[in-house]
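Biologist: I have a structure open and would like to learn how to read it. Could we go through some features together?

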Amino acid sequence: MNASSVGALENMLGDPCDSANPCGFGQVLAADERGDMLAAGEETLDRFGFGAEFVPAALGGRLHALPSMIELGRAVFRRDPCLGLGYGASSLIAAVNVWSAGSPAQQRTVADLLLRNRKLACAYHELDHGNDLARCDFEALPGADGLVLNGGKQVIANITRADAIIVYARTDTRVGGRSHSQLLVEKRALDGAKTTYPARLSSVGMRGVQLGCIDVNDCALPHESIIGTPGQGLETALKAFQVTRVALPGMFMGILDTGLRSTLRYTRQRQLYGRAVLELPQTRAVVAGAFADLLLADCFVTIAARTLHLIPQAGGVTSAAVKYLVPKLLIDAMTGLSAILGAQFYLRDGRNALFQKLVRDLKPASFGHAARVTCQMTIMPQLPLLARRTWLRDDSPAAPEALFDIGAPLAPFDFATLALGAAGHDPLAAALPAVCAALQAHPQLAVLAQRFTDELARLQAYYVALAPAESSVMASPHSYAQCGCYVTVLAASACLNLWWREQARVGQERDAFLADPRWLEVVLQRLQGRLSGSTAQHDPEHLAFLLAELEARHERAQSFDLTRRPLSAWGANPSSTLQES
């Protein structure tokens with residue numbers, strides 16, 4: 001995928017504000033009211049061949065670099081989150097397991113399906129066990145002619161529309177970490193008399209995404225359906241999560257992008273107390289803060305995605321950190337924007353009706369696929385070792401320069417490099433002291449940055465002395481909170497190092513906005529507020545700088561993320577003045 005691919009997709013989807021556009025916001029809302037997927041949107045993505053974006057190039061697809069795949073998915077989420085999840089991301093969640101551990105034959109099967117615009121489903125979830133995969137009861141035990149399937153799975157996107165399902169199942173009756181496997185199940189291979197699909201589940205958000213269940217009873221399946229080595233199911237899932245824990249939050253960012261556009265239009269046109277709502281100081285602070293949070297989220301997502309390419313050993317920690325923090329950032333930002341809209345936020349028709357759908361559709365970002373606490377449980381066992389071997393040490397492995405150079409090309413992503421343990425690699429923590437030491441010419445930034453280095457030193461002392469139980473699932477709430485502080489430090493390092501690399505560029509390669517320290521100061525202050533539990537205080541001039549950039553991008557129809565991608569199909573919003581006393 002390249003920049004022209006995003007432009008081509010945007011042009012095919014058309015102007016979302018055009019009431020005659022079958023892929024416009026009016027039709028998106030109508031489909032949401034019916035609880036349907038946007039049919040015209042799916043047809044457009046079929047013509048674009050969107051499924052190919054999730055297939056590695058070696059298998060005939062267009063998946064090369066993870067940041068590019070994420071950006072293209074974000075374009076769909078920006079238009080309709082249900083379309084982004086129900087058409088695309090749900091298939092990605094399933095496919096990455098096959099790219100990570102599947103046989104060549106299984107990989108060809110999945111690639112062929114996606115290249116033909118078919119859909120996959122991922123059947124991990126059992127309502128009785130939530131995110132505890134080790135306790136899943138669905139069975140695929142050895143039988144006379146292969147495997148025999150018994151049990152049920154619930155809350156599965158596209159289960160009735162998919163051609164193949166990735167099923168997480170118990171393949172050994174013994175207790176232990178090797179008792180479960182993943183299966184690639186082509187639905188045509190299931191005995192229809194022994195397979196049922198209970199009624200579709202309804203949901204508050206993502207109403208167009210078809211959530212369903214599957215029940216099977218003594219259904220035979222070939223032993224070759226197992227993905228990878230029998231008993232490897234949990235390991236495969238944890239490796240695949242490293243990709244999806246970065247990709248999905250990165251795609252969900254499109255919701256905040258559109259939410260900001262809706263809020264800008266509303267606050268510029270609506271009059272309150274004799275002036276535009278956007279002129280009110282509190283409104284300006286909230287809107288500028290939401291923009292800062294979007295930039296923060298994109299910094300963290302982009303660097304985490306590049307980490308998976310360049311330092312895959314560190315991917316497990318960094319990707320879990322992204323999934324823990326970024327959905328929270330997005331939800332908090334949208335909540336703040338909803339307060340500006342006031343009563344308009346609740347309306348399900350009219351010019352501002354899209355906003356309530358965006359808020360509902362964003363909620364699953366924090367718990368869908370993997371809950372935030374599950375991400376903490378991935379990170380916490382690794383922190384004592386990282387604290388001893390990596391943090392604030394002169395001999396820590398240095399991060400490659402390309403990690404923070406977001407314009408540097410990446411080699412095709414290799415799923416085989418995914419690893420379960422960090423093995424002493426923590427590139428974001430390791431890169432923090434050096435960039436802090438180099439900020440003599442930026443005293444305000446230096447003070448802010450030093451606070452995160454000091455926090456890392458505090459965390460190092462905490463984790464070096466930590467009792468083993470406090471890094472397990474039995475950890476106290478205090479230890480879970482310390483994990484959250486660590487994630488905040490990683491996010492600060494990602495933003496600092498990305499900015500430092502950008503401001504070092506010269507000539508036309510330099511992005512004047514990203515090289516400016518003002519946006520970074522606001523971001524670091526907001527992260528510091530998360531550490532201290534206090535509301536960040538920002539320089540009004542810095543907020544004015546962010547607002548000016550936001551409004552300029554809005555007028556020029558550009559994305560609000562790091563790429564500032566042209567959205568040529570997005571026409572100007574109709575102008576009107578609404579009075580309120």
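**Thr195 and its surroundings**

Modeller: Happily! Let's begin with one polar contact, a pair of N or O atoms within 3.5 Å; within protein, one must be able to donate a hydrogen and the other to accept it, and residues adjacent in sequence count only if both atoms are side-chain atoms. Here a polar atom of the Thr195 side chain lies 2.9 Å from the backbone oxygen of Asp191. Please keep in mind that this is a predicted model, where local features need pLDDT of at least 70 and side-chain atom pairs count only at pLDDT 80 or more, while totals for chains, interfaces and linings use all residues. Residues are numbered from 1 along each chain as its sequence is written, and side-chain values use heavy atoms, with hydrogens and water left out.

Biologist: Does Thr195 count as buried or exposed?

Modeller: Buried means under 20% relative accessible area, exposed over 50%, and partly exposed in between (1.4 Å probe, protein chains only). Thr195 counts as buried because its relative accessibility is 8%.

Biologist: Which residues does Thr195 touch?

Modeller: A contact means heavy atoms within 4.5 Å. Leaving out residues up to four places away in sequence, Thr195 touches Leu190, Ile214, Asp215, Val216 and Cys219.

Biologist: And how should I read a nonpolar core?

Modeller: In soluble globular proteins, nonpolar side chains tend to be buried together. A nonpolar core is a set of buried Ala, Val, Leu, Ile, Met, Phe, Trp, Tyr and Cys residues joined through side-chain atoms within 4.5 Å. The largest one here has 173 residues, and Trp99, Leu260, Phe300, Trp391, Tyr486 and Trp519 touch the most other members. Helix H8 (residues 281-310) gives this core its largest share, 16 residues. A second, separate core of 20 residues includes Cys219, one of the residues that Thr195 touches.

Biologist: What does Trp391 touch?

Modeller: Among its contacts, not counting residues up to four places away in sequence, are Leu383, Leu456, Tyr463 and Tyr486.

Biologist: Where is confidence lowest, and where is it highest?

Modeller: pLDDT is the predictor's confidence in each residue, from 0 to 100. Helices (H or I, at least four residues) and strands (E, at least two) are DSSP runs, numbered from the N terminus. The lowest confidence falls in strand E11 (residues 578-580), with a mean of 37, and the highest in helix H6 (residues 104-115), at 98. Over the protein, the mean pLDDT is 92. Residues 572-581 stay under 50. Where pLDDT is low, the predicted coordinates should not be read in detail.
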